[in-house]
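Please find below a colleague's note on the structure shown here. The points run from the chain as a whole to individual residues.

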Amino acid sequence: MRKAGPRKEGNYTNPCLTMHQPWASLLVYGIKRIEGRSWPAPIRGRLWIHAAGKVPDESTIKAMEDFYREIYTLNGITDIKFPEHYPISRLLGCVEVAGCLTCEELVQWEALPEGVRLEGQTDFCWLCEQPKKLLVPFEMRGYQRIYNLEKKIYEAAVRGLVPVDGPAPVKFPLPNPRDPFSLKPGSIAASFPNSKASAIEKSSSLSAAIAGARGAATQFSKDQNIRTNAILNSAPDSVSTETRTIFIDDRIPDGNLKEGSMEANSASKQSDYVEEEGSSSRNQPPTRPKQDSGVPSKIFAAALRGLKPS
């Protein structure tokens with residue numbers, strides 16, 4: 001029997017988070033180590049990552065890949081293997097959530113590499129480590145905020161996980177190793193009172209990469225809010241608020257601003273959720289094949305069993 005992880009702050013057994021691309025794959029590949037949100041992490045331990053249904057623009061992919069190239073260069077790492085594909089509407093893998101800090105705390109934590117500290121751009125920073133990816137990402141639908149994977153999906157997925165060797169894995173130290181929730185907002189100042197990292201000297205290329213990543217997240221948020229409002233406004237007046245939420249395919253929260261600026265995060269709060277599925281004609285797949293990985297979950301489960309799908 002699988003031993004349950006430390007998840008006292010939420011009723012989760014196999015928690016999953018839906019994220020937009022390219023952020024979702026960057027996290028599962030161990031390139032992205034900080035997941036930014038406007039709300040603190042309610043869990044510790046394994047968190048499954050699901051990619052939302054919106055096809056990422058080529059410019060967004062480029063902006064985020066440039067951002068990570070630059071911040072890894074600070075720590076002498078220049079060879080980063082980015083994902084060949086950024087599949088959508090797929091369960092991708094999982095990470096371990098070690099803790100959660102505010103952006104201000106992350107930036108000042110001198111125990112962390114400079115590149116990690118630069119990843120913090122939002123109110124709350126979820127500290128992620130030990131990424132694992134699915135050998136074959138498979139199709140499923142996502143939901144708002146954190147939700148539990150269905151049992152049959154979990155049982156199929158857990159057998160298809162493989163460890164990921166990220167460019168520079170980070171192990172976040174817990175103030176109290178016996179308390180998995182000890183790494184939380186306010187804990188750094190209390191446990192490491194003298195931890196105050198010096199300011200990071202930014203080159204012109206690094207500053208440009210940070211600005212590009214912020215701009216990509218800000219524009220993404222604006223586009224999503226426009227589409228969400230358009231869909232809500234087009235729904236019949238007789239449709240209830242709850243039904244309207246489902247009508248736009250379980251909009252996911254503002255966490256897509258994980259690499260955005262505080263300005264982007266503030267813009268997202270005007271609309272608590274963003275649309276999961278991108279249906280605009282201008283959001284066609286980019287020219288390079290970044291979205292073609294993944295198979296339906298039924299086929300994936302059958303493949304793991306060594307059977308032909310029925």
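The numbered points below take up the overall make-up, one strand, one helix, the nonpolar cores and then selected residues.

1. Overall make-up. The coordinates are those of a predicted model. The secondary structure of the chain comprises 10 helices and 10 strands. The chain has 310 residues, of which 53% count as buried. Its exposed surface is about 14500 Å², with carbon and sulfur atoms supplying 52% of that area. Among contacts between residues at least 6 apart in sequence, 85% join residues that are at least 24 apart.

2. Strand 1 and its partners. Strand 1 covers residues 15–19, and 5 of its 5 residues are buried. Two strands pair with strand 1 in opposite senses: strand 6 (residues 146–148) runs antiparallel to strand 1 and is joined to it by 3 bridges, whereas strand 3 (residues 45–51) runs parallel to strand 1 and is joined to it by 4 bridges. On the strand 6 side, proline 15 stands opposite asparagine 148. On the strand 3 side, leucine 17 is placed opposite isoleucine 49.

3. The two faces of strand 1. In a regular strand, side chains alternate between the two faces of the sheet. Here Pro15, Leu17 and Met19 point one way, while Cys16 and Thr18 point the other way; all are buried.

4. Helix 2. This helix spans residues 58–73 and has 16 residues. The distance from its first C-alpha to its last is 23 Å, close to the 22 Å expected at 1.5 Å a residue. The buried residues in helix 2 are Thr60, Ile61, Ala63, Met64, Glu65, Phe67, Tyr68, Ile71 and Tyr72.

5. Nonpolar cores. The largest nonpolar core has 37 residues, and Leu47, Ile49, Tyr68 and Trp126 have the most contacts inside it. At least two residues of this core come from each of strand 1, helix 1, strand 3, helix 2, strand 4 (90–102), strand 5 (124–139) and helix 7 (204–234). Helix 2 gives the largest share, 6 residues. There is also a second, separate core of 14 residues, which includes Leu101, Leu106, Leu112 and Val170.

6. Arginine 37 and arginine 44. Are these two arginine residues buried or exposed? Arginine 37 is buried, with a relative accessible area of 1%, and arginine 44 is buried as well, at 3%. Both values fall under the 20% cut-off for burial, so each residue is classed as buried. Arginine 37 lies in strand 2 (residues 34–37), and its side chain makes a polar contact of 2.7 Å with the side chain of glutamate 35. Arginine 44 is in the loop between strand 2 and strand 3. A polar atom of the arginine 44 side chain lies 3.3 Å from the backbone oxygen of alanine 41, and the side chain of arginine 44 also reaches the backbone oxygen of leucine 183 at 3.2 Å.

7. Tyrosine 29 and valine 164. Tyrosine 29 sits in the loop between helix 1 (23–28) and strand 2, and valine 164 in the loop between strand 7 (161–163) and helix 6 (187–191). Tyrosine 29 is partly exposed at 26% relative accessibility, whereas valine 164 is buried, with a relative accessible area of 16%. Leaving aside neighbours within four places in sequence, tyrosine 29 is in contact with Pro83, Lys133, Val164 and Gly166. With residues up to four places away likewise not counted, valine 164 touches Val28, Tyr29, Gly30, Pro131, Lys132 and Lys133. From C-alpha to C-alpha, tyrosine 29 is 9.5 Å from cysteine 94, at a sequence separation of 65 residues. Valine 164 and leucine 134 are 30 residues apart in sequence, with 9.9 Å between their C-alpha atoms.

8. Proline 185. Which residues does proline 185 touch, not counting those up to four places away in sequence? They are Cys100, Leu101, Thr102, Glu105 and Phe124. Proline 185 and phenylalanine 124 are 61 residues apart along the chain, and their C-alpha atoms are separated by 8.3 Å. Proline 185 belongs to the loop between strand 7 and helix 6 and is partly exposed, with a relative accessible area of 36%.

Note on methods. Residues are numbered from 1 along each chain as its sequence is written. This is a predicted model: local features need pLDDT of at least 70, side-chain atom pairs count only at pLDDT 80 or more; totals for chains, interfaces and linings use all residues. Side-chain values use heavy atoms; hydrogens and water are left out. Buried means under 20% relative accessible area, exposed over 50%, partly exposed in between (1.4 Å probe, protein chains only). A polar contact is a pair of N or O atoms within 3.5 Å; within protein, one must be able to donate a hydrogen and the other to accept it, and residues adjacent in sequence count only if both atoms are side-chain atoms. Contact means heavy atoms within 4.5 Å. Accessible areas come from the Shrake-Rupley method with a 1.4 Å probe; for residues, only the protein chains shown count as cover. Two strands pair if DSSP finds at least two bridges between them. The expected span of a helix is 1.5 Å times one less than its number of residues. A nonpolar core is a set of buried Ala, Val, Leu, Ile, Met, Phe, Trp, Tyr and Cys residues joined through side-chain atoms within 4.5 Å.
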